[in-house]
Amino acid sequence: YEFNARLRQSQILGSTPVDPAMIAQYEQYYGSIDALHQRVVREPTLETNATHNLIPDADLERSEFYSDYFRHLDLFYAMGTVVRRHAGRTAVFGVQRSRRRGHFDARDFATMQILARHVDRSLEIAERLQQATRPSLGHADVGFVLFDASGRAVFATVAAQRLLGMAGIGIAAGGLSITGPNGPRLEALMQRVTQG
């Protein structure tokens with residue numbers, strides 16, 4: 001997500017499947033009182049930290065953010081990395097998990113550090129392209145898809161889903177689905193990209 005310090009609002013750039021109404025609630029209100037965000041956003045750029053290191057569990061549990069929002073998503077712990085800071089905007093890459101899964105461990109931190117650097121690089125490339133072509137765009141317009149080693153799509157930003165949709169490509173359950181008259185050509189191209 002991207003946090004706008006002037007407006008004190010967050011905009012979700014992409015997420016794993018979550019009820020769109022819950023995302024809207026976060027952007028409209030809960031992002032401004034997010035007890036986890038308030039700690040992570042102060043961390044140095046590209047340094048991953050977990051909220052269990054930044055806020056006692058009991059304090060989080062007593063917060064309005066947890067009681068009225070996070071609890072309904074069955075989430076408790078979060079780990080985040082500030083990937084970009086620019087002109088009053090902060091882009092944060094994060095993951096969350098339920099309380100029963102427990103704290104994040106060293107392996108989780110190492111994985112997050114690797115992924116955060118890729119997200120940072122994607123945003124940097126997008127910013128350079130935007131400066132050269134459309135300087136009014138922000139992080140919300142950045143489209144990227146994260147694939148695992150088998151070529152399965154595991155994450156896509158909202159902008160990527162919108163752009164792919166315009167081309168007749170959808171993402172569901174990790175697979176890419178193609179509709180429309182250009183389906184066979186797009187299918188062949190995607191197979192070359194994801195398997196080559």
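In the predicted model, the largest nonpolar core holds 34 residues, of which Y26, L36, L60, F65, Y69, F70 and V83 touch the most other members. Two or more residues are given to this core by each of α1 (20–28), α2, α5, β4, β5 and α6. Strand β4 supplies the largest share of the core, namely five residues. In soluble globular proteins, nonpolar side chains tend to be buried together. One of the residues named above, F65, is in contact with Y26, Y30, I33, D34, A35, L36 and F70 when its neighbours within four places in sequence are left aside. Two of these partners, Y26 and L36, are also listed among the core residues that touch the most other members, and F70 is listed there as well.

The protein chain as a whole has 196 residues, 38% of which count as buried. Its secondary structure amounts to eight helices and nine strands. The accessible surface comes to about 11,400 Å², and carbon and sulfur atoms account for 53% of that surface. Among contacts between residues at least 6 apart in sequence, 50% join residues that are at least 24 apart.

Five strands form an open sheet, arranged in the order β2-β1-β5-β4-β3 with antiparallel pairing. The edges of the sheet are occupied by β2 (9–11) and β3 (49–50); each of these has a single partner strand, so one side of each is left without a neighbour in the sheet. Strands of a sheet pair through backbone hydrogen bonds, either parallel or antiparallel. The partner of β2 in the sheet order is β1, and β1 (residues 2–4) pairs with β2 in the antiparallel sense over three bridges. Within this pairing, E2 stands opposite Q11 of β2.

Two histidines were examined individually. H37 is found in helix α2, which spans residues 35–40. With a relative accessible area of 4%, H37 is buried, because the cut-off for burial is under 20%. The side chain of H37 makes a polar contact with the side chain of Y1 at 2.7 Å. Apart from neighbours within four places in sequence, the residues in contact with H37 are Y1, F3, Y26 and G31. Among them, Y26 is also a member of the largest nonpolar core. The other histidine, H72, is placed in the loop between α5 (64–68) and β4 (77–86). Not counting residues up to four places away in sequence, H72 touches M22 and S67. H72 and M22 are 50 residues apart along the chain, and their C-alpha atoms are separated by 9.3 Å.

The structure holds seven salt bridges, including the three described here. The bridge between D59 and R62 has its closest N and O atoms 2.5 Å apart. Both residues lie in helix α4 (residues 57–62), where they are three residues apart, about one turn of the helix. D59 is partly exposed at a relative accessible area of 33%, whereas R62, at 62%, counts as exposed.

A further salt bridge joins R100 and D74, with the closest N and O atoms 2.7 Å apart. This pair links distant parts of the chain, the two residues being 26 apart in sequence. R100 lies in the loop between β5 (89–97) and α6 (106–133), while D74 lies in the loop between α5 and β4. The loop between α5 and β4 is also the place of H72. At 67% relative accessibility, R100 counts as exposed; D74 is partly exposed, with a relative accessible area of 39%.

The third salt bridge described here is formed by E124 and R121, whose closest N and O atoms are 3.3 Å apart. E124 and R121 are three residues apart in helix α6, so about one helical turn separates them. E124 counts as buried at 19% relative accessibility, because this value falls under the 20% cut-off. R121, at 43% relative accessibility, counts as partly exposed.

Definitions and conventions
Residues numbered from 1 in each chain as written. Predicted model: local features only at pLDDT ≥ 70, side-chain atom pairs only at ≥ 80, totals over all residues. Heavy atoms only, no water. Helix = DSSP H or I, 4+ residues; strand = E, 2+ residues; numbered from the N terminus. Contact = heavy atoms within 4.5 Å. Pairing = 2+ DSSP bridges. Buried < 20%, exposed > 50% of the residue type's maximum accessible area, 1.4 Å probe, protein only. Polar contact = N/O pair within 3.5 Å; in protein donor to acceptor, adjacent residues only side chain to side chain. Areas by Shrake-Rupley, 256 points an atom, 1.4 Å probe, with all protein chains shown as cover. Salt bridge = Lys/Arg side-chain N within 4 Å of Asp/Glu carboxyl O. Core = buried A, V, L, I, M, F, W, Y, C linked by side-chain atoms within 4.5 Å.
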